[in-house]
Amino acid sequence: CKNPNLLASDVIVLCETRLTTRDTSEHFQIDGFHHVIRVDQVSTVSCRPSHGLAMYIRGNVQILDSGHSLSTDKFEIMLVCVKKVGCSVPTQIVGVYVSPQATWSIVAQALSRFFTEHDIVSTKTIVLGDFNMKSIFPEPNYNNRIQMFMNTMYNLQQFVNEPTVNTGSVLDLCFAHSLAGISTLWNHWSDHRILCASFNDTEQT
């Protein structure tokens, strides 16, 4: 990895890694970061699966918990709890991928099931990833349902308000109780732009 924006991050969340359990993590390590945390899709055919999640945590950030994930062919989610030096409270980082073939019922039930098992409301949490709501709700305000769901149920606000793919759609979302800022950056390897989110200096992740 040579991208300066990624290398400057404390946490990197990747969607659609296409990794399988046959891939060894040593081949995907980034200098200065802990051992990569992965959620691989099981593939029963010769080609690689379409999905998969991965999370990189900078070496000077303490990993408190990394054992929570859920993966199906339509929905994937992983949670890693971290604590940065100088921060008074830990932060839960949640990565999400929603397949374009998913339904709203699948997404709502999976999120509810996963969030019921974890303290999303009273713990500092950021939920981000590729939600693909435009495929589920082919209408102008396609993100309204997921935004209302996350706000009403978990008091999480959605902070992305600019296109996240080169076609102009907002497919990648970021939910949190509060953020210092968020921006999107073009990159050369994907039609999705990089989401860059930051907390205040005293509680940055």
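Contact is taken here to mean heavy atoms within 4.5 Å. The model is predicted, and the results below concern its nonpolar cores, one residue of helix 2, a buried glutamate and the cysteines.

By the contact criterion, and with residues up to four places away in sequence set aside, Ala110 touches Leu70 and Phe75. Ala110 lies in helix 2 and is buried, its relative accessible area being 9%. The C-alpha atoms of Ala110 and Phe75 are 7.5 Å apart, although 35 residues separate the two in sequence.

Helix 2 spans residues 104-116 and supplies seven residues to the largest nonpolar core, the largest share of that core. The core as a whole has 49 residues. Val107, Phe115, Met133, Ile146 and Met150 are the members with the most contacts inside it. For Ile146, the contacts beyond four places in sequence are with Trp104, Val107, Leu111, Phe131, Met133, Leu173 and Phe175. A second core, separate from this one, consists of eight residues, among them Leu6, Ala54, Tyr56 and Ile194. In soluble globular proteins, nonpolar side chains tend to be buried together.

A charged residue is also found in a buried position. Glu76 belongs to strand 5, which covers residues 75-84. Glu76 is buried but forms no salt bridge. Arg38 provides the nearest side chain of opposite charge, at 11 Å; because a salt bridge requires a nitrogen-oxygen separation within 4 Å, Arg38 does not pair with Glu76. The side chain of Glu76 does make a polar contact of 3.5 Å with the side chain of Ser71. With residues up to four places away left out, the surroundings of Glu76 include Val39, Gln41, His51, Gly52 and Leu53, all of which it touches. Leu70 and Ser71 are likewise in contact with Glu76, as are Gly95, Val96 and Tyr97. Leu70 is thus listed among the contacts of Glu76 and among those of Ala110.

The structure contains zero disulfides. A disulfide is a covalent bond between the sulfur atoms of two cysteines. Cys87 is unpaired because the closest cysteine sulfur, in Cys81, is 12 Å from its own, too far for a bond. Cys87 is buried, with a relative accessible area of 7%. Cys174 is in no disulfide either, and the nearest cysteine sulfur, in Cys196, is 11 Å away. Cys174 has a relative accessibility of 0% and therefore counts as buried.

Conventions. Residues numbered from 1 in each chain as written. Predicted model: local features only at pLDDT ≥ 70, side-chain atom pairs only at ≥ 80, totals over all residues. Heavy atoms only, no water. Core = buried A, V, L, I, M, F, W, Y, C linked by side-chain atoms within 4.5 Å. Buried < 20%, exposed > 50% of the residue type's maximum accessible area, 1.4 Å probe, protein only. Helix = DSSP H or I, 4+ residues; strand = E, 2+ residues; numbered from the N terminus. Lys, Arg positive; Asp, Glu negative; His and termini not counted. Polar contact = N/O pair within 3.5 Å; in protein donor to acceptor, adjacent residues only side chain to side chain. Disulfide = S-S within 2.5 Å.
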